[in-house]
Structure formats: structure tokens, C-alpha cells
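Open your viewer and get ready to click along. We will go from stop to stop, with a selection to make at each one.

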Amino acid sequence: MRERLYRLLVGRIPGIRDRYIRVRKEHKGRLQAFLYLLWLNIQYYLFFRRSLKTPVGCAVYEEIPLFQHAPESSRTWTESPEDFAERLKKYDVVSFDVFDTLLFRCCEQPTDVFYFVGMVLRYPDFKQMRVEAERKARKKKQLENGTVEITLSELWDILSKDTGIPKAEGMQAELEWEKRCCYANPYMQTVIRHLQKQKKRMFAVSDMYLGKQFLVPLLESCGYTGFSDILASCDFGKSKCDGGLYQILRERLGDGKSCVHIGDHRYADYFQAIRHGLAAFHYPNVNQMGAPYRVRDLSLMTGSIYRGLVNARLYAGGERISREYEYGYIYGGLFVIGYCRFIHACRKQLAADKILFFSRDGWLLQKVYQVLYPAEKDDTVYAYWSRYAAVKLSAGYYRQEYLQRFLTHKADQHIPLQKIVESMELSDMLDPLCRSVGAAPETELTNKNIKAVTDYFIKEYGQILLHYKKQREAGKIYYKQLLAGCRSVAAVDIGWAGSGALMLDYMVNREWKLSCSVFGILAGTSSCYTPHSDSFEPFFTDGFLKSYLYSQQENRDLWKYHDPAQKHNLYWELLLGAPEGSFQGFYPRSDGSIELRVKPLPEYAPQIREIHKGAMGFVKQFLTAEQRLGFCFSISGRDAYAPMIPVLNRKNKKFAEGLEAFLDETNIG
């Protein structure tokens, strides 16, 4: 009977089984776990919560409700650190919690540090064993001494026996990685500096198995000095949670001294402090604040670092960041680091002499690449090239591409013939066209008249090519200088097919005879929703093109998810596009020089710069974290795409509406 009940409630649905096992591993009581299991089954069978079918972290695409009404950072502790320090002046003594208040970890959860420890100890499933050993140690201490406050040494007495890891080696590894992961909360750093100027007496108080002997140098390494004392629960067998540590603190204050405590734990740092005669301020935990809006569908350690840094940046306090900065920081930062590292690896594989970052979409990428690889700065070029310019220059060979770009794709878009001909830079052919097809300049291009219009241009194609002859010659001058001394180059674009690199290769080698191999590197290629999605597939097979985020060969789930019709391309392009108009082409001047003609500066250029500022802010903080940790993360294309999925989800339409004004396809593409 018991086995049948288990199979009925637990065994049938993988997501329910996974959630129930997680609760049992947390050592909840049997009754509590059973009630939770019953609730899961009711939600699934009676209220049709089919999302419970999927185990935690295994959903293909997370449906996270983003904060849509204002910048997410508007939810943070809004008081400036200077004003907060001023409020603390009236107290004789100020006490601070240590972890998640004075110090942040670059990973999301405290226990995520154990992944790094297990990594260097080469011990699988170390995190789970470390958590279990701590539980055993606290239970043992409770039975023997009536307190759950343990030392790291007592914890490792148990863990060493359970695992076989030498105690001294394991403790050293854990202390080392705890130190590497910690850094100063910039908000509290400013508060501390102001209090020090006031010569305010300060304490640090922590419920932790790491004692004063470790906390003093840890705080000093993060820039915190001048504390009257540091009280750790493991040194006294008493904690903030049970109130005992506050009693010790009050004894050290002296008679009649007022004290205020600041910390992130609502019960231990706020209610218990007040209960024991202190004033208190609850400083919200940054990871708890950010958790509802952070994606979890990333690889384990990259995801932890990503979420930890984002939550700290948004919720440390004192600053409301613009929506545009947040967009670049949250959704662009991880992507541009990963993409630039992919570009670097491709360059080495291809033995490319230079990297050409195509204009507009290569603007931010070049800057980030130079930050990551400063020794290669002279080998990176912001190269003026665009699909608009390319189809004009290569029209002699890629005739169908030219006709599709200027005619086929514009049919039934309410565009008059005059505007279409002007966009082709063939204004002198307008009257002959109108006479040939029996239309007026204001006649719109439709599926009814497009064949006649196309037939006219095919008939007069030689004249079209003559119109672009000088542009082809000007382009040769530009690229001959740009490619001087190069045998091969990697051309970088965001995507979404590869025509830019393909057309440049044609012009460089077959039209201009510059003898320089061109390879294409894309953020993403045509998705399954793109018409003729297989058009460029052969070029991935022979290695001419490489794609980072997805392709038919890799991350096929994203290849099947990414939908240009839902503006997915544009939201990605918005992360990278330069604060300048799109490139129109190469035009000769009368003095023999050439003009690189771009459209006028878009009115939203300041917002674009703010997006770039946000992405670059994440890059710098991520690199700082890597420097502390001592190694670089390999950011897969799947990880880089994951944070963007909630933005593209229709359920977050209101969030996306805040960015719609910048998604002008003419300017962005």
C-alpha cells in the first residue's frame, strides 16, 4: 500500500518527484514533506499547473515575470550611503553584519562557494557532502553542548571522515575560496568611510563558523578596518539568532551607550537586535531581492556568478539605474564577453591577421574585445560595411539578393515606386520605369505590379551596375588600405545569415583582386522561422561561417525558438548597435578621397550609449570577479542567450514596450 501511494504521488511526474526529493534532502519533517507533496499533486491535477511536470532547472525556456513598471533597481534601498551614515550619527556605536551586508560573494548563494572548493579538491558532489557535514556537526554540537554554533574545524572533523579528504587540506581550500569569492559591498564601504570620519565606534557581528581570526584579515583585504571588535558566533557558542551574541555586544559597549545594528537577515539582524535593546535597520539581502527576476537556465557556476553580480549591482542600494543601463548590464554583458571570447578562439583557429568588426553591430564588440585582449588592439578594425552597401557593390554577382532586398521584400508595404527607386539610388531611372510599367511615381509596389517592375530592372541591369561603378571603386580604395599586409581576416557581425561576410569575400577576392581570405563570425544565424533558412547552411559546413549563439548544428532548441517576426533579431541588435546612423556606402569625392556616408545620428543615440555603458559595466565587474577567482569562465552560446529569453517572452510585453522606441529596423539593421 505504501509503495503504491509513493508511486501515485511521487513516481509518476518527474517535476513533482524532483521537488519532493529536494525538500527531503533539506531534512524537513516527514509530515511537512508529505503536506508539500500533497500540495504539489493538488496543484498539478486539480489546478493544471503543468509546469510542475518539469524538474527544477530543466525547463527549456523559463517564463520569468520581469519587473515591468520601472527600472528593476528602483526596488532597491534608495537612501544614499551619505544620508544613511548621517542618520547613524545619533548612535554612540554602530554594529554591522558581515556576510551579505559588509561583504558580498561574487556567487549567488553562500553554498555555491563549495562548487569551487570541490573543483580544486577534484571531489564530485562535494557541495552536497559539505552541506550534509555541516548539518551533522550542528546536530552533534547541540546534543553535546546545547548550541548549534560550530567552528570550521569541528565541521571538517566530520567531513574529513565522510569523504577521506585530509582535514588540513580541505580547510585550507575552503578558507582560500571563501576569501576569493568575497568583496566589499560598495554601498557599505561608503557608509563606513563616513562613520570613520566621525570617529564613530563600530563592531562587526556575524553568525558564522569562521571566527575572528579569519574575519579580521578577510575584512581588511576588502578594505574594512577600524572596528572596535569582531564578534563571531563560533567563538562564543552564541549567535545573533538566539540573541546571545547581542548580549555580549551590549556588555562591550559600556553603560548608557546607544547602539544600532545593520544586517540582511530580517529575524537575526532586525527583530532579535531590537528584542535585545538595540536599534536596528534591515538591509535587504540582494540575492533574495533579485531572485524572482533572474534566469536559472544557465550552466551551474557561470549562472551563479552571473546572478550574484547582477543582484549585487541592482540591489546594493543608493542608486536607481536607468532602464537602458540595466538592459545592457543584465542582458548584454554576459553575451558580449562570451561572444568576444568565441571570436578570439575563431581567430586563432582561422589564423586571421585582423578582425573586422562590421559597422554598427561591431561598435561595442570591438571595444569589449580590446578590453579582453589589449595586446590585439592593433589587429582589430571597425570596418564600414552593411547589407545596404554590400548589395549595391556586389549586385553584378548577387543579382537575386539585390532584387529581393530592394523589391521583393518591399512589396505590399505601402511604399511608392519613387521612394523605392530613390533607396536604390537610381532616381534618373524613375520616369523610364513608370512609363514602362504604366504607373505613376506615387504608385505603391504591390504583388500585382512587382513582376513588371522587376522585369524592367532586369532588362536595364547593365545600367544599374554603371550607377554603382564609382562606389565599387571607392570601396576598393577603402579596403585596399584596410587589408594591407593581410592574408586572411575574420569579419564579425551579429547575423543573421552571413551575407555581409560572403559579399565582402566576393568583392575583396573576385572583384577587387586583393587576395585576402575572408571568414565570417556571427552571433546567430538564420533560425528555422527565417524564409529559406537553409540558404547559408553550406557555409557552416565548410567552415566559412561560424555562429556563436545557435545554428542548425548547435543549440538547435534556440534555432527553433529565435523568431525574427517577433523582433527577436532587433532586441539583440539593440545591445550592440552603434550610436550612429547605418552605413550607406562608399562615395568618391572630387579631390580623390572617399566619403564613408552614414545616415544622420538617431535621436535615441544617448539611450544607445547608456545600453553600452551598462554592458561594459558588467564586463568590468565580471573580469574583476574572474581575477579574484583566478580563472576564466567559458561562456557558452546557450548561457549567453538564456538571460534574453524572458525579454523575448510575450508575457513580458510591457517590459519590452519600454524598449520599442529604439527598435527602428531601418536604423538598427
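**Stop one: aromatic rings**

Begin by selecting Y478, which is buried at a relative accessible area of 12%. Keep in mind as you look around that this is a predicted model. Now add Y479, buried as well, with 0% relative accessibility. The rings of Y478 and Y479 form an edge-to-face pair, with 5.0 Å between centres and 85° between planes. Next, pick F583 and F586: this aromatic pair is also edge-to-face, at 5.0 Å centre to centre and 70° between the planes. Both F583 and F586 are buried.

Across the whole structure, a search turns up 53 aromatic pairs. For a group of rings, select F116, W177, Y306, Y325, Y329, F618, F622, F631 and F633, which ring pairs link into a cluster.

**Stop two: charges over rings**

Show R75 together with F67: the charged end of R75 sits over the F67 ring, 5.9 Å from its centre. Then move to W363, where K367 lies over the face of the ring, 4.9 Å from the ring centre.

**Stop three: helix α7**

Select residues 152–163 to bring up helix α7, with its twelve residues. From first C-alpha to last, α7 reaches 16 Å, close to the 16 Å expected at 1.5 Å a residue. Which residues of α7 are buried? Colour L152, L155, W156, I158, L159, S160 and T163 to see them. An α-helix has 3.6 residues a turn, so residues three or four places apart point the same way.

Now display α5 (113–121), α6 (126–145) and α8 (167–181), against which the buried residues of α7 pack. Just after α7 comes G164, with a positive phi near 90°.

**Stop four: salt bridges**

There are 32 salt bridges in the structure. Start with R105 and E178, whose closest N and O atoms are 2.6 Å apart. This pair links distant parts of the chain, 73 residues apart, with R105 in strand β2 and E178 in helix α8. R105 is buried at 7% relative accessible area, and E178 is buried at 2%.

Go on to D112 and K127, which meet in a salt bridge at 3.2 Å, N to O. D112 is in the loop between β2 and α5 and K127 is in helix α6, so this pair ties together parts 15 residues apart in sequence. Both residues, D112 and K127, are buried.

For a last pair, select K567 and E660, with 2.9 Å between their closest N and O atoms. Here K567 is partly exposed at 35% relative accessibility, and E660 is partly exposed at 29%. Finish with R130, E134, R138 and E174, joined into one network by salt bridges that share partners.

Conventions: Residues numbered from 1 in each chain as written. Predicted model: local features only at pLDDT ≥ 70, side-chain atom pairs only at ≥ 80, totals over all residues. Heavy atoms only, no water. Phe/Tyr/Trp six-rings, centres within 6.5 Å; stacked < 30°, edge-to-face > 60°. Buried < 20%, exposed > 50% of the residue type's maximum accessible area, 1.4 Å probe, protein only. Lys NZ or Arg CZ within 6 Å of the ring centre and 35° of its normal. Helix = DSSP H or I, 4+ residues; strand = E, 2+ residues; numbered from the N terminus. Expected span 1.5 Å × (residues − 1). Contact = heavy atoms within 4.5 Å. Salt bridge = Lys/Arg side-chain N within 4 Å of Asp/Glu carboxyl O.
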